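Visitor: I would like to learn how to read a model like this one. Where do we begin?

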Amino acid sequence: MAAGAPSETAWSAGGISSGGSRHWCFVRIETDAGISGVGEGSGWPRMVAAGIADLATVLIGEDPRNIDRLWHRMFVSQMGHGQTGTPGSGAMAAIDMALWDITAKSLGVPVWQLLGGKFRDRVRCYVHASSTELAVAAVAEGYGALKAGNIRTAVDKVAALREAVGRDIDIAVDLHGPPWLNAPDAIAIARALEPYDLLFLEEALAPEDLAGLRRLRSATDLPLAAGERSALLWGYRQLIGEGLVDIVQPDMGRVGISQMRKIAVLAEANFVSVAPHSGTLGPIAEYAAIHLLAAIPNALIHERFRTDWEGRARVITQPLEIVDGHMVVPDRPGLGVDIVLDEIAKHPPDTNIAAHTEKYLSAYEDGTCGEALYFQPRRHRARLRRDG
């Protein structure tokens, strides 16, 4: 389905995709026992939907409680197509969530109970704040952590936010791994941000630039976070195993409960925290993330929008409860939520690729957007502090 843009960030609907919206992909699995389960897949939702339809053929007739075996069955079935991309893993993630939902419902327990029980009844959240006014409003509502994201004015923005909310509120910065930011640039920005006591610096470099991340790791004491564009356990092995990050950010819609649980265990063994990416996801994946974060010892924080598209609450049977900047862990069987098919049908999907709008192209240096490059050499280094 197509979903509108959140209202409190620098995003605009036209800056998200050429169809003018985000896209969410939900799945419902029915069983012959009369129990159904729901899930959500991301990583290119329209492609994920096609993958789900193909994967269904290897699941029909199977026992849905054999979750890990069925995950491997789906994974092996993709061997001929390549196995580490986010669309394929997003399709498995959606089905995987639904299988956990079914299994927990069959036992009459919430999903977090199957994950080993919960460490906490509430999960701390941070919200996006694109201005000091929004930051102050969020703090007044009880949020103790904020995130700013602007690849051209990060230092100035953080300085203004810190002055507005004081020293006791956590601030994270997301640089979005832009195409023009290389290791020397990221190091300069990180050092300029060090006086502001960041919760973490996120996606300072493109995810493929592990050598650059190693240079950044050795050049700054800021906590580093990354991983939202990776898929499956193997996509996080170097980030975690080499100590390149302090916080790993798997996306629940791109990896699913089974894989995120394993990623969290690998992170725990390496003293790395987990703060899932959730900015573009719909409400089912958010439910799954809260169950997972309740059940792992190294959960740091959950990402959400303070005010999202108003239709978000209508596509599910019950929104998550938010109290003092925390999301209350649900106690209902399964994930504790269902999708509303009639409402979803009112928002058919459209084109789901990034649009070459002014906002999208602002990631590039002035005058170079027409080149449409992924990696771009920095040509105006003297302007780094003004642009970064």
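**From surface to core**

Guide: Tryptophan 44 has 39% relative accessibility, so it counts as partly exposed. Keep in mind that this is a predicted model.

Visitor: Why does 39% make tryptophan 44 partly exposed?

Guide: Buried means under 20% relative accessible area and exposed means over 50%, so partly exposed is what lies in between. The 39% of tryptophan 44 therefore counts as partly exposed.

Visitor: In which loop does tryptophan 44 lie?

Guide: Tryptophan 44 sits in the loop between strand S4 (36-41) and helix H1 (45-55). The chain has 14 helices and 14 strands.

Visitor: Which residues make a nonpolar surface patch with Trp44?

Guide: Met47 and Ile353 join Trp44 there. The patch covers about 300 Å².

Visitor: Now the interior. How many residues does the largest nonpolar core have?

Guide: A nonpolar core is a set of buried residues joined through side-chain atoms within 4.5 Å. Here the largest has 109 residues. Those with the most contacts inside it include Leu193, Met252 and Ile257. A second, separate core has nine residues, among them Tyr126 and Ile301.

Visitor: What does isoleucine 257 touch?

Guide: Leaving out residues up to four places away in sequence, isoleucine 257 touches Asp96, Met97, Trp100, Val111, Leu115, Met252, Ala288 and Leu335.

Visitor: And the whole chain: what is its radius of gyration?

Guide: The chain has 20 Å. A compact globule of 388 residues would be near 21 Å, so the two agree. Of the 388 residues, 54% count as buried.

How values were computed: Residues numbered from 1 in each chain as written. Predicted model: local features only at pLDDT ≥ 70, side-chain atom pairs only at ≥ 80, totals over all residues. Heavy atoms only, no water. Patch = residues over 30% accessible without salt bridge, like charges linked within 9 Å, V, L, I, M, F, W, Y side chains within 5 Å. Areas by Shrake-Rupley, 256 points an atom, 1.4 Å probe, with all protein chains shown as cover. Salt bridge = Lys/Arg side-chain N within 4 Å of Asp/Glu carboxyl O. Helix = DSSP H or I, 4+ residues; strand = E, 2+ residues; numbered from the N terminus. Buried < 20%, exposed > 50% of the residue type's maximum accessible area, 1.4 Å probe, protein only. Contact = heavy atoms within 4.5 Å. Rg over C-alpha atoms; globule rule 2.2 N^0.38 Å.
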